[in-house]
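Reader: Please take me through the helix packing, the salt bridges and the surface of this model, one point at a time.

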Amino acid sequence: MIRRLLPHPLLALALLGIWLLLTQSISPGQILLGTAAALLATHAFAALFAGPPVRVHLRPVFKLAGLVAVDILRSNIAVAAIVLFRRRDRVADFINVPIVLQNRQAIACLALIVTATPGTLWVDFDRRRGILLLHVLDLVDEETWIRLIKDRYEALLMEIFER
């Protein structure tokens with residue numbers, strides 16, 4: 001019962017303390033407002049909580065980090081070229097990418113990777129069907145993008161997170 005009302009009591013207390021420090025007041029109104037904000041924030045955190053941490057395999061993490069760094073650098077250059085030189089021959093479009101990842105942390109990592117890479121944007125993910133809707137700024141070949149996401153990112157994320 002108490003966990004439903006206050007899912008993360010230490011987080012709520014810390015948020016209240018930060019609230020009071022930032023407002024530089026311990027008036028009853030600020031305490032009430034800070035408590036309400038802390039309760040809302042802890043409930044939002046509880047709703048977003050992906051479950052207990054899982055064991056990850058570290059070796060593929062370094063490979064994935066290197067690939068993502070290179071891809072972000074390449075994408076920055078490509079997007080800058082499109083914007084600076086106003087290349088009109090480029091086509092922006094949406095594509096559906098079938099995803100087999102089941103682990104919530106792995107899916108969240110894939111969302112971060114795709115969204116952090118300039119020129120791509122995670123639009124929607126249908127968990128039941130396993131379909132990721134992705135927007136691509138420079139779509140030349142849809143199958144190439146699907147292979148890139150599946151072979152380059154999804155495969156490594158499965159190595160990292162799946163047991």
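Reader: How are H2 and H3 oriented to each other: roughly parallel, roughly antiparallel, roughly perpendicular or oblique?
Author: H2 and helix H3 (residues 28-48) pack with their axes 8 Å apart, at an angle of about 140°; helices (H or I, at least four residues) and strands (E, at least two) are DSSP runs numbered from the N terminus. Axes are lines fitted to C-alpha atoms, for helices over the stretch in contact, and angles between N-to-C directions run from 0 to 180 degrees. Under 35 degrees counts as roughly parallel, over 145 as roughly antiparallel, 65 to 115 as roughly perpendicular and the rest as oblique. H2 and H3 are therefore oblique.

Reader: Which pLDDT do side-chain atom pairs need in order to count?
Author: Residues are numbered from 1 along each chain as its sequence is written, and side-chain values use heavy atoms, with hydrogens and water left out. The model is predicted: totals for chains, interfaces and linings use all residues, local features need pLDDT of at least 70, and side-chain atom pairs count only at pLDDT 80 or more.

Reader: What is the handedness of the crossing of H2 and H3?
Author: A crossing is left-handed if the near helix is turned anticlockwise from the far one by less than a right angle, and right-handed if clockwise. Where H2 passes H3, the crossing is right-handed.

Reader: Is Thr42 buried or exposed?
Author: Thr42 is found in helix H3, and its C-alpha is 8.9 Å from that of Leu15, which is 27 residues away in sequence. Buried means under 20% relative accessible area, exposed over 50%, and partly exposed in between (1.4 Å probe, protein chains only). The relative accessibility of Thr42 is 0%, so Thr42 counts as buried.

Reader: Which residue in the loop between H2 and H3 has a positive phi?
Author: Phi is near 55° here, a positive value in a residue other than glycine. The residue is exposed because its relative accessible area is 72%. The residue in the loop between H2 and H3 is Gln24.

Reader: Which residues make the nonpolar surface patch of about 260 Å²?
Author: Patches are made of residues with over 30% relative accessible area and no salt bridge; like charges are joined within 9 Å, nonpolar side chains (Val, Leu, Ile, Met, Phe, Trp, Tyr) within 5 Å. Areas come from the Shrake-Rupley method with a 1.4 Å probe, and for residues only the protein chains shown count as cover. Leu11, in helix H2 (residues 9-23), is partly exposed at 32%. The patch is made by Leu11, Phe45 and Phe49.

Reader: How many salt bridges are there?
Author: A salt bridge is a side-chain nitrogen of Lys or Arg within 4 Å of a carboxyl oxygen of Asp or Glu. By this rule the count is 6.

Reader: How many residues apart are Arg152 and Asp71?
Author: Their side chains meet in a salt bridge with an N to O distance of 2.8 Å. The pair links distant parts of the chain, helix H6 (residues 142-161) for Arg152 and helix H4 (residues 58-84) for Asp71. Arg152 is partly exposed at 21% relative accessibility, whereas Asp71 is buried at 7%. Along the chain, the separation is 81 residues.

Reader: Which residue is linked with Asp71 and Arg152 in a network of salt bridges?
Author: The network links Asp71 and Arg152 with Arg74.

Reader: How are H4 and H6 oriented to each other?
Author: The axes of H4 and H6 are 9 Å apart, and their angle is about 155°. The crossing is left-handed. H4 and H6 are therefore roughly antiparallel.

Reader: What is the relative accessible area of Glu154?
Author: Glu154 forms a salt bridge with Lys150, their closest N and O atoms being 2.6 Å apart. Both lie in helix H6, 4 residues apart, about one turn of the helix. Lys150 is buried, with a relative accessible area of 16%. Glu154 is buried as well, at 2%.

Reader: What is the relative accessibility of Asp151?
Author: Asp151 meets Arg147 in a salt bridge, 3.2 Å from N to O. Arg147 and Asp151 are separated by about one helical turn because they are 4 residues apart in helix H6. Arg147 is partly exposed at 37%. Asp151 counts as partly exposed, with a value of 48%.

Reader: How far apart are the C-alpha atoms of Lys63 and Leu13?
Author: Lys63 is found in helix H4 and counts as exposed at 54% relative accessibility. Lys63 and Leu13 are 50 residues apart along the chain, and their C-alpha atoms are separated by 39 Å.
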